Structure formats: C-alpha cells, structure tokens
Amino acid sequence: MILQAALNGARRREEHAAVPLTPAAIVADAVAAVRAGANEVHVHIRDETGAETLRAEAVDALLGALRQALPGTLLGVSTGLWIEGDHARTAACIGQWRNRPDYASLNMGEAGAMAVAAALHERGIGLELGLFDEADVEAALAADLTTGAFRILIEVTEPEPAHALAVAERMLARLRAAGVSKSLLLHGMEATVWPLFDLAARHGLSQRLGLEDGLTLPEGTIAGHNAAIIAAGRQRNGTQR
C-alpha cells in the first residue's frame, strides 16, 4: 500500500496559487510531497507556457531533474488523450522519450488506448491502467490489459460521494471476481477525495492525494500546498488504524 502524490494534473493557477506548473516548481513540490510522506509522484508535464505536453524535450528535462532530486522514488506521468489530442501522436512522443518514467497512466475509455498501451510496453514503461467506471472494467478485462499492467488505477468520476463509494465497491468486486491480482490504487476527485481515500484504507489499497484531485484538507479547508495534503493523508491513515 503506497501513497501517491498527484501534483498538478490539468489544474490552472487560477484554481490554486500553489499548483506547480514550471519544472522548478514541480521538482520543489515533489521533494516537499515526498518529505511529507508520499511514496511516489505522478505529474502532468508542462511546457514553457504552462500547457500540458508529452514532447520529449519537456519530458526528458523534467524527469531528469526529478531523478536527481528524488533518487529511488517512482515517477509517473499522464498520457491523457487531451494532452496531445491524438493517440498516434501520443505514441510517437512516448517513442522519443530518453528519460523514461517508471510508469504512465492511461485512461481505458479513451480512443486509441490500446495503441498507447503498446507504445508504453515497447519502451518498458509500466502501465498504470485508469478505470473510471464499471464499463471501463469490462473493457479492460475483455482486452486483457489488466494482465500486463503495472497497476490498476480506480479513479471514480461519479461526483456524489455516496454514489462514488458504491461504484468503487462494485468495480473492486468485479476485478476480484475476475481474479485480477495486480496492485490496485483507488482515488477520488473533488468531493469524493477523502471518502474514497478512507475506502482505500479499509480495503488495504494504495491511495492518491494532491492538488490534481482535490484542493481541500479532510475538514474542508483549502490546503496551502501539496505537502499539506499528503501530510494530512498520512495523519488520517495513522489515526484510523
């Protein structure tokens, strides 16, 4: 069971002043998150304008800096279709990376997911397979993508907490019934972050926190930065055991 720090995602600075967008800010934020208790780091690479990118020059530069600052820490990136806008272009970018992440998240429901999965496999990059709902679970099982995945990422998009908890339970039950034994990471978004964080703890699953997913601490106040969210998660896990 690990705690992953999701530092920025598609967040804009207007949403939170501490969202790290520049390479220097991302590296500093990652170091602070690990010191606060994160076991690994997931980032969305940004270019010089702050826009998301998978271009090799940006990926290589940031991952090189992160490896130097956090030797031994697992590093992951997003391959969300919206970043490059085309799965073939995404796969081409992956083929050009020199500094490879340990794993990359891939959303099962996106067009071209299989091509991107193949590109990651070819480069020896772990597949963190993102499943949003029960339909994604069935699609992943049918395509046999769960077998070769580094990890299954259960990221429920249902916004209402009670409904999100129910969806997550059904997804977990289906994966277990199918005999999936891969590592599972469960996380929520916005209002469901902390309810699903607690559910993950109850099931002994890996967890994810950070400004990408939600801006608040457990009591509902806005967090000052990613490290504060990670520290709150570590404290919450400790008090619930």
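**Ring pairs, core and pocket in a predicted model**

Setting aside its neighbours within four places in sequence, Ser206 touches quite a few residues: it is in contact with Met1, Ile2, Ser183, Leu184, Leu185, Leu186 and Ala200. The model being looked at here is a predicted one. Ser206 is found in strand E8, which covers residues 206-209. With a relative accessibility of just 5%, Ser206 counts as buried, because the cut-off for that label is under 20%.

Next come the aromatic rings. A pair of aromatic rings is described by two things, the distance of the centres and the angle of the planes. The structure holds two such pairs. In one of them, the ring centres of Tyr103 and Phe150 are 5.5 Å apart and the planes meet at 15°, so this pair is stacked. The Tyr103 and Phe150 pair ties together distant parts of the chain, as the two residues are 47 residues apart. Tyr103 belongs to strand E4 (residues 103-107), while Phe150 sits in the loop between helix H7 (145-148) and strand E6 (151-155). The two partners also differ in how they are covered: Tyr103 is buried, at 0% relative accessibility, whereas Phe150 is partly exposed, at 34%. Tyr103 has a charged companion too, since Arg151 lies over the face of its ring, at 5.2 Å from the ring centre.

The other pair is made by Trp194 and Phe197, whose ring centres are 5.2 Å apart with planes at 65°, so it counts as edge-to-face. Here both residues lie in helix H9 (residues 193-203), three residues apart, or about one turn of the helix. Trp194 is buried at 7% relative accessibility, and Phe197 is buried as well, at 1%.

As for the nonpolar interior, the largest core has 71 residues. Those with the most contacts inside this core are Trp97, Leu129, Leu131, Ile152, Val156 and Leu186. Leu131 gives a good idea of the surroundings: neighbours within four places in sequence aside, its contacts include Met108, Val137, Ala140, Ile152, Ile154, Met171 and Leu175. Asp136 and Glu155 are also among the residues that Leu131 contacts. Leu186, one of the well-connected core residues, turns up again among the contacts of Ser206.

Finally, there is the question of open space. The largest pocket has a volume of about 310 Å³. It is lined by 19 residues, and the closest to its centre are Trp82, Glu155, Met189, Arg208 and Glu212. The elements giving two or more residues to this lining are E4 and E6.

Technical notes
Residues numbered from 1 in each chain as written. Predicted model: local features only at pLDDT ≥ 70, side-chain atom pairs only at ≥ 80, totals over all residues. Heavy atoms only, no water. Phe/Tyr/Trp six-rings, centres within 6.5 Å; stacked < 30°, edge-to-face > 60°. Helix = DSSP H or I, 4+ residues; strand = E, 2+ residues; numbered from the N terminus. Buried < 20%, exposed > 50% of the residue type's maximum accessible area, 1.4 Å probe, protein only. Lys NZ or Arg CZ within 6 Å of the ring centre and 35° of its normal. Core = buried A, V, L, I, M, F, W, Y, C linked by side-chain atoms within 4.5 Å. Contact = heavy atoms within 4.5 Å. 1 Å grid on protein atoms, 1.4 Å probe; cavity = no way out; pocket = protein on both sides within 12 Å on 5 of 7 lines; lining within 4 Å. Points joined across faces, edges and corners; volume = space filled by probe spheres on them.
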